[in-house]
Amino acid sequence: MFSTKQLLYLYGKVNRRNLLDEYLNLFKTSQYDLTQINEYQQECLKSIIKYAADKVPYFRKIFKECSLNNNEPPSEFLTKIPILTKDIIQSDFDNFLSNAY
């Protein structure tokens with residue numbers, strides 16, 4: 001029989017995803033206390049904001065117009081940008097597509 005780690009490794013090879021790393025990360029983060037969870041969430045949010053600023057034309061423009069500081073906490077950063085509405089997305093849809101795709 002295969003172990004869980006072996007199955008995740010094989011599945012990852014077939015589907016070109018590293019599920020073993022994802023599984024190990026989930027296990028590690030499940031042991032976090034409240035402070036560590038908050039730090040992890042802020043780190044993930046910062047990563048998402050950086051991706052949006054680098055790859056998505058709409059957010060690049062918005063972040064530049066709002067003169068946002070990348071050094072401030074991500075949760076405060078988000079309070080300074082305008083709320084995204086359905087009308088905004090529909091009127092400027094192409095600028096919401098990532099340059100990575």
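**Surface patch, aromatic cluster and overall form**

In the predicted model, L10 is partly exposed, with 41% relative accessible area. This leucine is located in helix α1, which covers residues 4-15. Together with F2, L7 and Y9, L10 makes up a nonpolar patch on the surface, with an area of about 420 Å².

Helix α1 belongs to a chain whose secondary structure consists of six helices and zero strands. Read from the N terminus, the order of elements is accordingly α-α-α-α-α-α. The radius of gyration is 18 Å, whereas the globule rule gives 13 Å for 101 residues; the value is well over that figure, so the chain is more spread out than a compact globule. The C-alpha trace extends over about 55 × 35 × 20 Å along its principal axes.

Burial and contacts were computed for the chain as a whole. Of its 101 residues, 19% count as buried. The exposed area of the protein chain comes to about 8300 Å², of which 56% is supplied by carbon and sulfur atoms. When contacts between residues at least 6 apart in sequence are considered, 50% of them join residues at least 24 apart.

Aromatic side chains were examined next. Six aromatic pairs are found in a search of the whole structure. One of them is formed by Y58 and F96, whose rings are stacked, with a centre-to-centre distance of 4.3 Å and an angle of 25 degrees between the planes. This pair links distant parts of the chain, as Y58 lies in helix α4 (residues 57-65) and F96 in the segment after α6 (86-91), 38 residues apart. Both Y58 and F96 are buried.

A further aromatic pair, between F63 and F77, has edge-to-face geometry: the ring centres are 5.1 Å apart and the planes stand at 70 degrees to each other. F63 is part of helix α4 and F77 is part of helix α5 (residues 74-79), so this pair ties together parts separated by 14 residues in sequence. F63 has a relative accessibility of 10% and therefore counts as buried, the cut-off being under 20%. F77 is also buried, with a relative accessible area of 3%. The residues of these two pairs do not stand in isolation: ring pairs link Y58, F59, F63, F77 and F96 into a cluster.

Charged side chains were searched in the same manner. Side chains of opposite charge can pair when their charged atoms come close. In the whole structure, one salt bridge is found. The side chains that meet in this salt bridge are those of K50 and D54, with an N to O distance of 2.7 Å. Both residues are in helix α3 (residues 34-55), where K50 and D54 are four residues apart, or about one turn of the helix. K50 counts as exposed because its relative accessibility of 52% is over the 50% cut-off. D54, by comparison, has a relative accessible area of 42% and is partly exposed. The salt bridge thus joins an exposed lysine to a partly exposed aspartate, whereas the stacked ring pair is formed by the buried residues Y58 and F96.

Key:
Residues numbered from 1 in each chain as written. Predicted model: local features only at pLDDT ≥ 70, side-chain atom pairs only at ≥ 80, totals over all residues. Heavy atoms only, no water. Salt bridge = Lys/Arg side-chain N within 4 Å of Asp/Glu carboxyl O. Helix = DSSP H or I, 4+ residues; strand = E, 2+ residues; numbered from the N terminus. Buried < 20%, exposed > 50% of the residue type's maximum accessible area, 1.4 Å probe, protein only. Phe/Tyr/Trp six-rings, centres within 6.5 Å; stacked < 30°, edge-to-face > 60°. Patch = residues over 30% accessible without salt bridge, like charges linked within 9 Å, V, L, I, M, F, W, Y side chains within 5 Å. Areas by Shrake-Rupley, 256 points an atom, 1.4 Å probe, with all protein chains shown as cover. Rg over C-alpha atoms; globule rule 2.2 N^0.38 Å. Contact = heavy atoms within 4.5 Å.
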